[in-house]
Amino acid sequence: MEINTKKLQIAMARKCMDAIELAGVVGCSKESIQQIISGRRNAPIKKLGKIAKALEVDPAELID
């Protein structure tokens, strides 16, 4: 799944979360989240679901 990085950053801003906080909630490394935010890495479906749940958005809102 290719995450729209701008939509992800907006969702993070709405929840006042940075990469470290999001990584803690999702249960992965800060580096992994930073790579997803920058677009250097795609998120597997399971991780996309966890990110969306942490940000309280529908997963469809984060993908292109």
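1. Just after helix α2, Gly 27 takes a positive phi of about 90°. Helices here are DSSP runs (H or I, at least four residues), numbered from the N terminus. The model is a predicted one: local features need pLDDT of at least 70, side-chain atom pairs count only at pLDDT 80 or more, and totals for chains, interfaces and linings use all residues. Residues are numbered from 1 along each chain as its sequence is written, and side-chain values use heavy atoms, with hydrogens and water left out.

2. Helix α2 covers residues 19-26, and its buried residues (buried: under 20% relative accessible area, with a 1.4 Å probe and protein chains only) are Ala 19, Leu 22, Ala 23 and Val 26. Seen down the axis of α2, these buried residues fall within an arc of 100°, so they line one face of the helix. The arc is taken from the directions between the helix axis and the C-beta atoms. On the face turned away from the buried side of α2 are the exposed residues Ile 20, Gly 24 and Val 25 (exposed: over 50%).

3. What do the buried residues of α2 pack against? They pack against α1 (5-14), α3 (30-38) and α4 (45-55). Contact here means heavy atoms within 4.5 Å.

4. The start of α2 has a contact of a side chain with the backbone. A side-chain oxygen of Asp 18 reaches to within 3.2 Å of the backbone nitrogen of Ile 20. Ile 20 is also one of the exposed residues on the face of α2 turned away from its buried side.

5. How do α2 and α3 cross? Their axes come within 8 Å and cross at roughly 115°. That makes α2 roughly perpendicular to α3 (65 to 115 degrees). On the α2 side the contact is made by Ala 19, Ile 20, Leu 22 and Ala 23, and on the α3 side by Lys 30, Ile 33, Gln 34 and Ile 37. The axes are lines fitted to C-alpha atoms over the stretch in contact, with angles from 0 to 180 degrees between N-to-C directions.

6. The pair α2 and α4 can be described in similar terms. The two axes come within 9 Å and cross at roughly 115°. That makes α2 roughly perpendicular to α4. From α2, the residues Leu 22, Val 25 and Val 26 take part, and they meet Lys 47, Lys 50, Ile 51, Ala 54 and Leu 55 in α4. Leu 22 is also among the α2 residues that make the contact with α3.

7. Helix α4 has its own buried residues: Lys 47, Leu 48, Ile 51, Ala 52, Ala 54 and Leu 55. Seen down the axis of α4, they fall within an arc of 160°, so they line one face of the helix. They pack against α1, α2 and α3. The face of α4 turned away from this buried side carries the exposed residues Ile 45, Lys 46 and Lys 53. Lys 47 is therefore listed with the buried residues, while Lys 46 and Lys 53 are listed with the exposed ones.

8. Two residues other than glycine deserve a look for their phi. Cys 16 has a positive phi of about 55° although it is not a glycine, and it lies in the loop between α1 and α2. At 66% relative accessibility, Cys 16 counts as exposed. Glu 56, in the segment after α4, has a positive phi near 55°. At 62% relative accessibility, Glu 56 counts as exposed.

9. Is Ser 32, a residue of helix α3, buried or exposed? At 4% relative accessibility, Ser 32 counts as buried. Leaving aside residues up to four places away in sequence, Ser 32 touches Arg 41 and Lys 47. Lys 47 is one of the buried residues of α4.

10. Ser 38 also lies in helix α3. At 44% relative accessibility, Ser 38 counts as partly exposed (between 20% and 50%). Its side chain is joined to that of Arg 40 by a polar contact of 2.9 Å. A polar contact is a pair of N or O atoms within 3.5 Å, one able to donate a hydrogen and the other to accept it; residues adjacent in sequence count only if both atoms are side-chain atoms. Ser 38 and Thr 5 are 33 residues apart in sequence and 6.7 Å apart in space, C-alpha to C-alpha.

Methods: Angles under 35 degrees count as roughly parallel, over 145 as roughly antiparallel, 65 to 115 as roughly perpendicular and the rest as oblique.
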